[in-house]
Amino acid sequence: MKLIIAYIRPEMLTPVKQALYAKGIYALSVTNTLGSGQQKGFTETYRGVVMEVNLLKKVRLELGVTEDKLDAALDAIQSGAKTGKEGDGIIFVQDIEKAIRVRTGEVK
């Protein structure tokens, strides 16, 4: 099994979920988070004071998938999150040694 961790723009969550659902992948965890990557933030003026905003809102997705669904999940996340602009996000893939379903005790 693999663990997919993806950081995407918050407004792209719905298209990513729809793309995952279309590929038959329904199990995911979503967390709101702040971070900075290559975007490096921006500056804005509020009441005459220049403020630097370098931590931007992002959404963290976590999915545990089997090897046979890995490429479909990665493809769905990329197609749903891509706008072509800097800050679209990043995807990490890690190995999972063991997964145990709490309700049944099933080990994967």
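In which strand is Ile91 found? In this predicted model, Ile91 belongs to strand β6, which spans residues 89-95. Its relative accessible area is 26%, so Ile91 is partly exposed. Leaving aside residues up to four places away in sequence, Ile91 touches six side partners by name: Ile4, Ile5, Ala6, Leu74, Ile77 and Gln78. Met51 lies elsewhere. The C-alpha atoms of Ile91 and Met51 are separated by 30 Å. Along the chain, these two residues are 40 places apart.

Met51 also takes part in a surface feature. Together with Tyr46 and Val49, Met51 forms a nonpolar patch on the surface. The accessible area of the three residues together is about 290 Å². Tyr46 sits in strand β3, which runs over residues 42-46. The relative accessibility of Tyr46 is 47%, and Tyr46 therefore counts as partly exposed.

Helix α1 covers residues 13-22. Four of its residues are buried: Leu13, Val16, Ala19 and Leu20. Viewed down the axis of α1, the buried residues fall within an arc of 130 degrees, so they line one face of the helix. The face turned away from this buried side carries Gln18 and Ala22, which are exposed. What do the buried residues of α1 pack against? Their partners are three strands and a helix: β1 (2-8), β2 (29-35), β5 (56-65) and α2 (67-81). After α1 comes Gly24. The phi of Gly24 is positive, near 80 degrees.

Charged side chains were examined next. How many salt bridges does the structure hold? The count is seven. One of the salt bridges joins the side chains of Lys2 and Glu67, at 3.9 Å from N to O. This pair links distant parts of the chain. Lys2 lies in strand β1 and Glu67 in helix α2, 65 residues apart. Is Lys2 buried or exposed? With a relative accessible area of 15%, Lys2 is buried, because the cut-off for buried residues is under 20%. The pair also belongs to a network of salt bridges, in which Lys2, Glu67 and Asp95 are linked.

Helix α2 contributes to another salt bridge, in which the side chains of Lys23 and Asp75 meet at 3.3 Å, N to O. Distant parts of the chain are again linked: Lys23 is in the loop between α1 and β2, whereas Asp75 is in helix α2. The two residues are 52 residues apart. Lys23 has a relative accessible area of 38% and is partly exposed. Asp75, at 40% relative accessibility, also counts as partly exposed.

A further salt bridge brings together the side chains of Glu62 and Arg60, with an N to O distance of 2.7 Å. Glu62 counts as partly exposed at 28% relative accessibility. Arg60 is partly exposed as well, with a relative accessible area of 23%.

Methods
Residues are numbered from 1 along each chain as its sequence is written. This is a predicted model: local features need pLDDT of at least 70, side-chain atom pairs count only at pLDDT 80 or more; totals for chains, interfaces and linings use all residues. Side-chain values use heavy atoms; hydrogens and water are left out. Buried means under 20% relative accessible area, exposed over 50%, partly exposed in between (1.4 Å probe, protein chains only). The arc is that of the directions from the helix axis to the C-beta atoms. Contact means heavy atoms within 4.5 Å. Patches are made of residues with over 30% relative accessible area and no salt bridge: like charges are joined within 9 Å, nonpolar side chains (Val, Leu, Ile, Met, Phe, Trp, Tyr) within 5 Å. Accessible areas come from the Shrake-Rupley method with a 1.4 Å probe; for residues, only the protein chains shown count as cover. A salt bridge is a side-chain nitrogen of Lys or Arg within 4 Å of a carboxyl oxygen of Asp or Glu.
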